[in-house]
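Reader: I am new to reading structures, and I would like to understand how the words used for them are earned. Could we take them one at a time?

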Amino acid sequence: PDPTPPPSLAHWSRYLVAEVGGQPVAGCTGFFERDCPESEWPVAVRRMYAAEGLSESEIEKHVERTRPMDECFFEGGLVTSGAKGGDQGLWEIEVVATLAAFRGRGLAERVVRAQVRAGQEKGARWAMVIAMKGNTAAMRVYRRVGFRVVHTQEGGEAMAALMRHPSADGLHFMVIGDLAEWDPSKRY
């Protein structure tokens, strides 16, 4: 089979996963922006849901439910802030998650740090991650790895409702500005 992953952040080959006792408990994806442009994401998401067995009407309901976040992300956030826009050296980290029973053990920090290092080893010049406003645990993890907030995009009540949390009313865009200088062993 072709070892080149498809242009999707959802492809398994882009993930790093932490396991405890053989059980996957935390992970995240990382990729060059050039390899997964935002124009491919809606197609990839639809394929992913179809592969999971969702009907077209269920997929449409999900797309409608997530529209406020997409609008904040694409129309008001990265694309217009210039954080994306074709930078060939941008390593994006997305879909960072830890099972609730395994939080507070440093697993998210380890997988995020490993993803940044993977980008560094592949020649990325800088790295970016996005955190929901109000997600203090994620912000703490990303700061320890070396990320700093460079842009905040307000999302309003629609995004807070979508995320089912009143403080999740926007996005923080965080970067490590120079991966050549980033030290994977340092806690920032």
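Reader: Why does V95 count as buried, partly exposed or exposed?

Author: Let me say at the outset that this is a predicted model, and that every value below is computed from it. V95 has a relative accessibility of 42%, and since buried means under 20% and exposed means over 50%, V95 counts as partly exposed. The residue is found in strand β3.

Reader: What makes the phi of V95 worth a remark?

Author: The phi of V95 is near 50 degrees, which is a positive value in a residue other than glycine. Most residues other than glycine have a negative phi. A positive phi also occurs just after α4, where G123 takes a value of about 95 degrees.

Reader: How do you know whether L90 and T98 are buried or exposed?

Author: Both are judged by the cut-off of under 20% relative accessible area for a buried residue. L90 has a relative accessible area of 0% and is therefore buried, while T98, at 13% relative accessibility, also counts as buried. L90 has its place in strand β3, and T98 is found in strand β3 as well.

Reader: Which residues is T98 in contact with, once its neighbours within four places in sequence are left aside?

Author: T98 is then in contact with V25, A26, R103 and A108, where contact means heavy atoms within 4.5 Å. Of these partners, A108 is one of the buried residues of α4.

Reader: What makes G104 exposed, and E154 partly exposed?

Author: G104, whose place is in the loop between β3 and α4, has a relative accessible area of 86%, and because exposed means over 50%, G104 is called exposed. E154, found in strand β5, has 47% relative accessibility, which lies between the cut-offs of 20% and 50%, so E154 counts as partly exposed.

Reader: How far apart in space are G104 and A137, and how far apart are E154 and L171?

Author: G104 and A137 are 33 residues apart in sequence and 9.0 Å apart in space, C-alpha to C-alpha. The C-alpha atoms of E154 and L171 are separated by 6.5 Å, although the two residues are 17 apart along the chain. For L90 and G177, 87 residues apart in sequence, the C-alpha distance is 9.7 Å.

Reader: Why are α4 and α5 called oblique to each other?

Author: Helix α4, residues 107-121, and helix α5, residues 136-145, pack at an angle of about 45 degrees, with their axes 9 Å apart. Angles under 35 degrees count as roughly parallel and those from 65 to 115 as roughly perpendicular, and an angle of about 45 degrees falls in neither range, so α4 and α5 are oblique to each other. In addition, α4 passes α5 in a right-handed crossing. The contact is made by A108, E109, V112, R113 and V116 of α4, together with V141, Y142, R144 and V145 of α5. By class, this contact has six nonpolar, no polar and three charged residues.

Reader: How do you know that the span of α4 agrees with what a helix of its number of residues should give?

Author: At 1.5 Å a residue, the 15 residues of α4 should span 21 Å, the multiplier being one less than the number of residues. The end C-alpha atoms of α4 are 21 Å apart, which agrees.

Reader: What do the buried residues of α4 pack against?

Author: They pack against β1, β2, β3, α5 and β6, and among them are L107, V111, Q115 and G119.

Reader: How many helices and strands does the whole protein chain have?

Author: The protein chain has six helices and six strands, following the pattern β-β-α-α-α-β-α-β-α-β-α-β along the sequence. Buried residues make up 41% of its 188 residues.

Note on methods:
Residues numbered from 1 in each chain as written. Predicted model: local features only at pLDDT ≥ 70, side-chain atom pairs only at ≥ 80, totals over all residues. Heavy atoms only, no water. Axes fitted to C-alpha atoms, helices over the stretch in contact; angles between N-to-C directions. Helix = DSSP H or I, 4+ residues; strand = E, 2+ residues; numbered from the N terminus. Parallel < 35°, antiparallel > 145°, perpendicular 65-115°, else oblique. Left-handed = near helix turned anticlockwise from the far one by under 90°. Nonpolar A, V, L, I, M, F, W, Y, C, P; charged D, E, K, R; others polar. Buried < 20%, exposed > 50% of the residue type's maximum accessible area, 1.4 Å probe, protein only.
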